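Work through the exercises below with the sequence and model open. Try each task before reading its solution.

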Amino acid sequence: MISAAQDKQKEIEFFDGHAAADSYDVFTPESNMRLIETCTRLAKLKSGARVADLGCGSGVFTDLLRQQGYVPVGLDISPKLIGLGRTKYPNVEFLEGDVEHLPFETGSLDGVLLSGLVHHLPDPTLCAAEAFRALKPGGSFVAFDPNRMNPFMYLYRDRSSPFYSSVGVTENERPVLAHQIASVFQRSGFEVGTDYISDLNYRYLASSKLRWLLPAYNAIDRVAFAPRFMRPLRSFVLTYGEKP
């Protein structure tokens, strides 16, 4: 894993730009719900749990957590996305903040959701340590990130690929390897597990030249990675664990 600092200003500028168009809700509503249900099941979150949605964007997943009976707080580095979330979901709490310096008291959270966040961090060690600090003993985290072992994610989003596209991503982003992310959270003190998920239907793609391919991609992703032996090649890595 590359050890480097995240360029936070570029993250802010990139996501502030998306706030203007409210354009970063990338999955269909059905896929959003399936992803949240999978994450909360893996994290064994109980109804009424206080859950921080880190990297919440405009709050789509944060509000789904509320609908599922949790007590969420969304946190994002982009002030404009946080403002958008407060407008769209007035019944949800949102905070502007940095995942490497969380504004939560030690041991104050039951759960942490890292919403497509870890792959934005060249080195997620500080983020993992902060999640561990903020969770109560017995609290849990779950993260979902694009899987570098998935051929589509690698070809389109990994900088070593000859077909890499920088459209719609910041220079901080890179698909993850499951064992590397698990290792980071283990070193922070968590008991960690790994799972994988595909069949999350996209409704938005940054590249206008490739948007016409979305139906075909969604169909291939649904069928090709359904067999159990294909699990490690599915589109997203789900990393989860508990604080002892």
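Buried means under 20% relative accessible area, exposed means over 50%, and partly exposed lies in between (1.4 Å probe, protein chains only). This is a predicted model: local features need pLDDT of at least 70, side-chain atom pairs count only at pLDDT 80 or more, and totals for chains, interfaces and linings use all residues. Residues are numbered from 1 along each chain as its sequence is written, and side-chain values use heavy atoms, with hydrogens and water left out.

**Exercise 1. Describe the overall build of the protein.**

Step 1. Count the elements. Helices (H or I, at least four residues) and strands (E, at least two) are DSSP runs, numbered from the N terminus. The protein has eight helices and seven strands.

Step 2. Judge compactness. The radius of gyration is taken over C-alpha atoms, and the globule rule is 2.2 Å times the number of residues to the power 0.38. The protein's radius of gyration is 17 Å, close to the 18 Å from the rule for 244 residues, so the protein is as compact as a globular protein of that length.

Step 3. Add the extents. The C-alpha trace spans about 45 × 40 × 35 Å along its principal axes.

Step 4. Check burial and surface. Of the 244 residues, 56% count as buried. Accessible areas come from the Shrake-Rupley method with a 1.4 Å probe; for residues, only the protein chains shown count as cover. The protein exposes about 11000 Å², with carbon and sulfur atoms supplying 57% of it.

Step 5. Check contact range. Contact means heavy atoms within 4.5 Å. Among contacts between residues at least 6 apart in sequence, 72% join residues at least 24 apart.

**Exercise 2. Lay out the sheet and place α3 on it.**

Step 1. Write the strand order. Two strands pair if DSSP finds at least two bridges between them. Seven strands form an open sheet, β3-β2-β1-β4-β5-β7-β6, with mixed pairing.

Step 2. Find the edges. These are β3 (93-96) and β6 (191-197), each pairing on one side only.

Step 3. Get the twist. Axes are lines fitted to C-alpha atoms, for helices over the stretch in contact, and angles run from 0 to 180 degrees between N-to-C directions. Direction ignored, neighbouring strands of this sheet are turned by 20 degrees against each other on average.

Step 4. Inspect one pair. β1 (50-54) and β2 (71-76) pair in the parallel sense over five bridges. Ala52 has Val73 of β2 as its bridge partner.

Step 5. Add the helix. α3 (60-67) packs on the sheet and touches β1, β2, β3, β4 and β5; its direction makes about 175 degrees with that of β2.

**Exercise 3. Which strands and helix do the buried residues of α5 pack against?**

Step 1. List the residues. In α5 (125-134), Cys127, Ala128, Glu130, Ala131 and Ala134 are buried.

Step 2. Find their side. The arc is that of the directions from the helix axis to the C-beta atoms. They cover only 165 degrees around the axis, which puts them on the same side of α5.

Step 3. Name the partners. These buried residues pack against β4 (109-115), β5 (135-146) and α7 (178-187).

Step 4. Look at the two strands. β4 and β5 pair in the parallel sense over six bridges. In β5, Ala143 is the bridge partner of Leu114. Nine of the 12 residues of β5 are buried, so β5 is largely enclosed by the rest of the structure.

**Exercise 4. Characterise two residues with positive phi.**

Step 1. Take Lys44. Its phi is about 55 degrees although Lys44 is not a glycine. Lys44 sits in the loop between α2 (29-42) and β1. Its relative accessibility is 67%, so Lys44 counts as exposed.

Step 2. Take Asp199. Its phi is near 60 degrees, positive in a residue other than glycine. Asp199 lies in the loop between β6 and α8 (214-224). At 24% relative accessible area, Asp199 is partly exposed.

**Exercise 5. Is Ser235 buried or exposed, and what does Ser235 touch?**

Step 1. Locate Ser235. The loop between α8 and β7 (236-242) holds Ser235.

Step 2. Read the area. At 1%, Ser235 is buried.

Step 3. List contacts. Not counting residues up to four places away in sequence, Ser235 touches several residues, including Asp145, Met153, Ile197, Tyr217 and Asp221.
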